[in-house]
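Visitor: I have a chain up on the screen and would like to go through it. Can we start with the surface and work inwards?

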Amino acid sequence: MQVTLHQDKCVASGQCVLAAQDVFDQRDKDGLAVLLDDRPPAELHDDVRHAAAVCPALAIALADS
């Protein structure tokens, strides 16, 4: 799985961090999401899919690798 985070769309809701904290974090300065792992291991794929689904700004794109 390839994960892309479009920070320009991010609204800093933090839903991605709650869903997949090993893959996403938030910047202290403004709360925008930060991608920690653009190719997470298979055991995190369900969490990452959930993060993408709950993102209110649709800022997370997923592609099969």
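Guide: The accessible surface of the chain comes to about 4000 Å², and 47% of that surface belongs to carbon and sulfur atoms. Keep in mind that this is a predicted model.

Visitor: What share of the residues is buried?

Guide: Of the 65 residues in the chain, 37% are buried.

Visitor: And what are the dimensions of the box the C-alpha atoms fill?

Guide: Along the principal axes, the box is roughly 30 × 20 × 15 Å. The radius of gyration is 10 Å, which agrees with the value near 11 Å for a compact globule with 65 residues.

Visitor: How many helices and strands are there, then?

Guide: Two helices and four strands. Starting at the N terminus, their order is β-α-β-β-α-β.

Visitor: What about contacts between residues at least 6 apart in sequence: what part of them joins residues at least 24 apart?

Guide: That part is 58%.

Visitor: On to the inside. Which residues touch the most other members of the largest nonpolar core?

Guide: Cys16, Phe24, Ala51 and Ile60 do, in a core of 19 residues. The elements that each give two or more residues to this core are β1 (2–5), α1 (15–19) and α2 (45–54).

Visitor: Take Phe24. What is it in contact with, leaving aside neighbours within four places in sequence?

Guide: Phe24 is in contact with Val3, Cys16, Val17, Val34, Leu35, Leu36, Ala51 and Ile60. Three of the residues named earlier, Cys16, Ala51 and Ile60, are in that list.

Visitor: Cysteines next. How many disulfides does the structure hold?

Guide: Zero. Cys10 is in no disulfide, and its nearest cysteine sulfur, in Cys16, is 6.3 Å away.

Visitor: Why is there no bond from Cys16 to Cys10?

Guide: Because the two sulfurs are 6.3 Å apart, which is too far for a bond; a disulfide needs them within 2.5 Å.

Visitor: Are those two cysteines buried or exposed?

Guide: Cys10 has 17% relative accessibility, so Cys10 counts as buried. Cys16 is at 9% and counts as buried as well. The cut-off for buried is under 20%.

Visitor: Different topic: His45. Where is it found?

Guide: His45 is in helix α2.

Visitor: Is His45 buried or exposed, and what does it touch?

Guide: His45 counts as buried, because its relative accessibility is 14%. Not counting residues up to four places away in sequence, His45 touches Met1 and Pro40.

Key:
Residues numbered from 1 in each chain as written. Predicted model: local features only at pLDDT ≥ 70, side-chain atom pairs only at ≥ 80, totals over all residues. Heavy atoms only, no water. Core = buried A, V, L, I, M, F, W, Y, C linked by side-chain atoms within 4.5 Å. Buried < 20%, exposed > 50% of the residue type's maximum accessible area, 1.4 Å probe, protein only. Contact = heavy atoms within 4.5 Å. Rg over C-alpha atoms; globule rule 2.2 N^0.38 Å. Areas by Shrake-Rupley, 256 points an atom, 1.4 Å probe, with all protein chains shown as cover.
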